[in-house]
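Trainee: I have this one open on screen and want to go through it piece by piece. Can we start with a detail and work outwards?
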2 protein chains.
Amino acid sequence: MDTPALVVDLAVVERNIAAFQALADAAGLAARPHVKTHKIPALAQMQVAAGAVGITCQKIGEAEVMAEAGLADILLTYNILGAEKLARLRALAGRCRLSVTCDNAPVAQGLSAAFADAPAPLEVLVECDTGAGRCGVQSPAAALALAQEIDALPGLAFGGLMTYPPMAEAGAVDAWLAEARDLCLAAGLACPRISTGGTPNLGDLSAFATATEHRAGTYVYNDRSLIARGACRAEDCAAVVMATVVSRPSPARAILDAGSKALSSDLLGLEGFGLIREAPGARIASLSEEHAIVDLSGTDWQPQIGAVVSIIPNHVCVVSNLFPAVTLVHPDGRREEVPVAARGRLR
Amino acid sequence: MDTPALVVDLAVVERNIAAFQALADAAGLAARPHVKTHKIPALAQMQVAAGAVGITCQKIGEAEVMAEAGLADILLTYNILGAEKLARLRALAGRCRLSVTCDNAPVAQGLSAAFADAPAPLEVLVECDTGAGRCGVQSPAAALALAQEIDALPGLAFGGLMTYPPMAEAGAVDAWLAEARDLCLAAGLACPRISTGGTPNLGDLSAFATATEHRAGTYVYNDRSLIARGACRAEDCAAVVMATVVSRPSPARAILDAGSKALSSDLLGLEGFGLIREAPGARIASLSEEHAIVDLSGTDWQPQIGAVVSIIPNHVCVVSNLFPAVTLVHPDGRREEVPVAARGRLR
């Protein structure tokens with residue numbers, strides 16, 4: 001096998017998709033997978049075919065690729081700003097059911113200016129910071145204030161609430177969202193959609209009693225960080241980076257042809273830059289762009305030059321962004337090269 | 001400006017190219033820039049026009065792009081293994097003056113099999129581990145042994161020695177190389193080329209008395225890691241990531257639209273994921289794929305939503321690999337979008 005390569009086991013993908021859909025169904029939540037993990041329209045279509053109500057994208061460029069491939073319902077969870085992006089957003093809204101999120105008034109005003117003369121209003125959800133400390137309004141009262149501003153702006157329709165929640169605090173997140181929703185309802189604003197997310201939260205979706213939909217991305221492939229969190233098993237990891245041993249400078253050192261350009265430098269709190277399935281005791285101690293330096297001092301594994309190994313990456317979403325194409329392995333063993341069509345869409 | 005964008009100041013690039021060439025000339029070394037930093041044929045051509053003897057690539061895919069653009073002399077500093085890659089290497093050798101490196105017998109034997117019936121032998125340099133602890137033979141005696149094996153194999157010509165040296169230890173590196181060279185010469189093997197490298201070593205190239213050429217990559221753009229090493233000043237950094245403030249959740253927090261997909265997660269031992277030129281006291285505390293979380297607690301800077309900032313990345317080579325195109329700013333102020341043609345060439 002020519003390496004480095006990103007190889008995806010479709011049987012595991014299918015199992016993972018079915019598992020998320022079943023969890024969402026059981027909790028009475030719509031499933032809205034985040035496509036950032038795979039960035040491949042055909043996999044998004046598998047997710048919709050399994051029952052997802054639509055998909056989530058983080059960039060307009062990703063959403064454009066997905067809409068072009070026929071994905072019909074897209075939530076763009078990002079503050080969109082600037083003339084170029086707003087013009088593209090307006091065009092995109094003509095090609096799918098589009099909704100976006102927003103956490104501040106300047107963004108809402110820009111969206112309104114772009115959609116004031118649109119044939120239909122743009123659905124805008126208020127992004128809420130329920131503890132993750134990234135984007136989002138800081139309190140339920142602030143959520144209400146922004147919802148009212150969106151409701152009053154021409155070209156926009158208030159669509160509800162969205163959060164990227166901290167992990168393992170579903171109860172507090174849900175209380176936050178319930179309070180914001182109740183404030184909206186008391187003010188006469190319908191709050192049709194309440195969107196939560198995160199693969200690590202799939203362990204207990206029932207805790208999100210207020211939510212109406214759940215966004216998850218990484219579950220489709222899973223990765224080493226999710227194994228470490230107890231959110232999946234090694235056999236649930238659908239995507240591995242195949243690499244070749246290109247050098248054996250010493251008994252305690254092997255060099256692989258997958259560096260940070262293939263595995264990324266993401267550690268996510270883990271020790272080492274990935275798990276070599278053939279030698280779990282080997283430690284990927286450091287990466288340069290095209291080399292992995294593997295410390296063999298903790299293992300008896302002594303691979304020969306030319307040996308090919310499979311690595312479960314720490315963070316598979318960023319790995320998808322690094323490979324122009326993946327090798328899909330169908331359940332019947334057939335291999336298919338598929339472009340990662342929405343890769344590198346930075347805008 | 002539509003963001004995130006990678007913007008390159010060509011006047012600074014020209015100055016950096018001239019500076020490396022002058023240092024190499026003064027030390028009596030051929031300059032062989034590593035194109036991994038920019039991955040753009042037009043910039044490689046500027047380096048050759050300034051006096052470089054040729055270029056360095058790390059992957060066959062990069063070398064193919066550069067040969068296609070007319071770069072005539074390419075050193076591929078990688079152990080090449082496997083049928084697909086060897087076939088491409090053989091084809092590439094017909095399109096430029098090609099040399100490669102090797103640190104072990106199985107790789108040498110594979111190269112020999114691919115070039116045994118070639119019209120001209122492939123020039124192979126022995127890669128030496130002079131202390132950096134990545135690839136390379138472990139002693140001058142091992143360098144001689146591999147040189148003799150290469151010399152004896154059909155289709156190959158022993159071309160000399162190559163090292164990716166540890167930084168700031170030029171004296172020890174040079175002593176290692178001199179010993180290996182003298183062993184080769186004593187055994188009747190000419191050792192025409194001795195190739196060292198690294199931008200941090202540009203401070204004293206004269207220490208490499210044994211070397212005949214120097215490879216450097218990062219100098220062409222420079223980055224925050226090189227500022228921290230004292231190898232350049234902020235004004236020598238030619239490439240910045242432009243980003244927009246998309247959210248201001250709280251007085252101490254700003255969110256930028258450049259995450260790990262734009263800046264990479266490389267820390268290189270630094271604090272924070274890049275330097276915001278407009279606010280050096282602001283700390284890029286963490287990245288997710290599409291967001292930078294900026295901690296403003298150490299600065300009075302309070303940017304408005306929509307403000308655009310310029311970030312000197314920690315490690316610019318990996319940033320080049322993340323952007324489909326760069327915006328080149330010519331000395332006359334003209335802007336030009338140029339594809340990063342050799343980006344993402346993993347094989």
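Trainee: Which residue takes a positive phi in the hairpin of β16(B) and β17(B)?

Mentor: G333(B), with phi near 95 degrees. The hairpin has five residues between its strands. Keep in mind that this is a predicted model.

Trainee: How do β16 and β17 of chain B pair, parallel or antiparallel?

Mentor: Antiparallel, over five bridges, with residues 325–329 in β16(B) and residues 335–339 in β17(B). As one example of the register, A325(B) has P339(B) as its bridge partner.

Trainee: Fine. What is the strand order in the open sheet of chain B?

Mentor: It runs β2-β9-β8-β7-β6-β5-β4-β3, eight strands with parallel pairing. The edges are taken by β2 (30–31) and β3 (55–57) of chain B; each has a single partner strand, so one side of each is left without a neighbour in the sheet.

Trainee: And inside that sheet, how many bridges are there between β5 and β6 of chain B?

Mentor: Four, in the parallel sense, between residues 97–102 of β5(B) and residues 122–128 of β6(B). C102(B) is opposite V126(B) there.

Trainee: What is the order in the open sheet of chain A?

Mentor: β2-β9-β8-β7-β6-β5-β4-β3, again written for eight strands and parallel pairing. In chain A the edge strands are β2 (30–31) and β3 (55–57), which pair on one side only. Strands β5 (residues 97–102) and β6 (residues 122–128) of chain A are parallel and share four bridges. V100(A) faces V124(A) across that pair.

Trainee: Change of topic, helices. At what angle do the axes of α3 and α4 of chain B cross?

Mentor: Roughly 25 degrees, and the axes come within 11 Å. That is under 35 degrees, so α3(B) counts as roughly parallel to α4(B). The crossing is left-handed.

Trainee: Which residues make the contact?

Mentor: From α3(B), I60(B), A63(B), E64(B) and A67(B); from α4(B), K85(B), R88(B), L89(B) and L92(B). By type, the contact of α3(B) with α4(B) holds five nonpolar residues, three charged and no polar.

Trainee: Now the two chains together. How many residues does each put into the contact?

Mentor: 49 from chain B and 49 from chain A. On the chain B side, at least two residues each come from α4 (83–93), α5 (105–115), β10 (239–250), α9 (260–263) and α10 (316–320).

Trainee: Which element of chain B gives the largest share?

Mentor: β10(B), with six residues. The side of chain B that touches chain A is mixed in type: 18 nonpolar, 17 polar and 14 charged residues.

Trainee: Back to chain A alone. Where are the domain bounds?

Mentor: Domain 1 covers 10–221 and domain 2 covers 225–314 of chain A. Their centres, taken over C-alpha atoms, are 35 Å apart. Nine residues of domain 1 and seven residues of domain 2 take part in the contact between them. The domain 1 side of that contact has five nonpolar residues, four polar and no charged.

Trainee: In chain A, what does β14 pair with?

Mentor: β14(A), residues 292–295, pairs antiparallel with β11(A), residues 253–256, through four bridges. R253(A) is opposite D295(A) in that pair. β14(A) also pairs antiparallel with β13(A), residues 283–287, again through four bridges. In this second pair the partner of S286(A) is I293(A).

Trainee: How many residues are between β13 and β14 of chain A?

Mentor: Four, and the two strands form a hairpin.

Trainee: Backbone oddities next. Which residue of chain A has a positive phi although it is not a glycine?

Mentor: S264(A), at about 70 degrees. S264(A) sits in the loop between α9 (260–263) and β12 (275–276) of chain A.

Trainee: And the peptide bond from T3(B) to P4(B), cis or trans?

Mentor: Cis, with omega near -5 degrees. P4(B) is in the segment before β1 (5–9) of chain B. In chain A, a cis peptide bond joins T3(A) and P4(A), with omega about -5 degrees, and P4(A) lies in the segment before β1 (5–9) of chain A.

How values were computed
Residues numbered from 1 in each chain as written. Chains lettered and ligands numbered in written order. Predicted model: local features only at pLDDT ≥ 70, side-chain atom pairs only at ≥ 80, totals over all residues. Domains from an automatic or database assignment. Contact = placed C-beta atoms within 7 Å. Nonpolar A, V, L, I, M, F, W, Y, C, P; charged D, E, K, R; others polar. Pairing = 2+ DSSP bridges. Axes fitted to C-alpha atoms, helices over the stretch in contact; angles between N-to-C directions. Parallel < 35°, antiparallel > 145°, perpendicular 65-115°, else oblique. Left-handed = near helix turned anticlockwise from the far one by under 90°.
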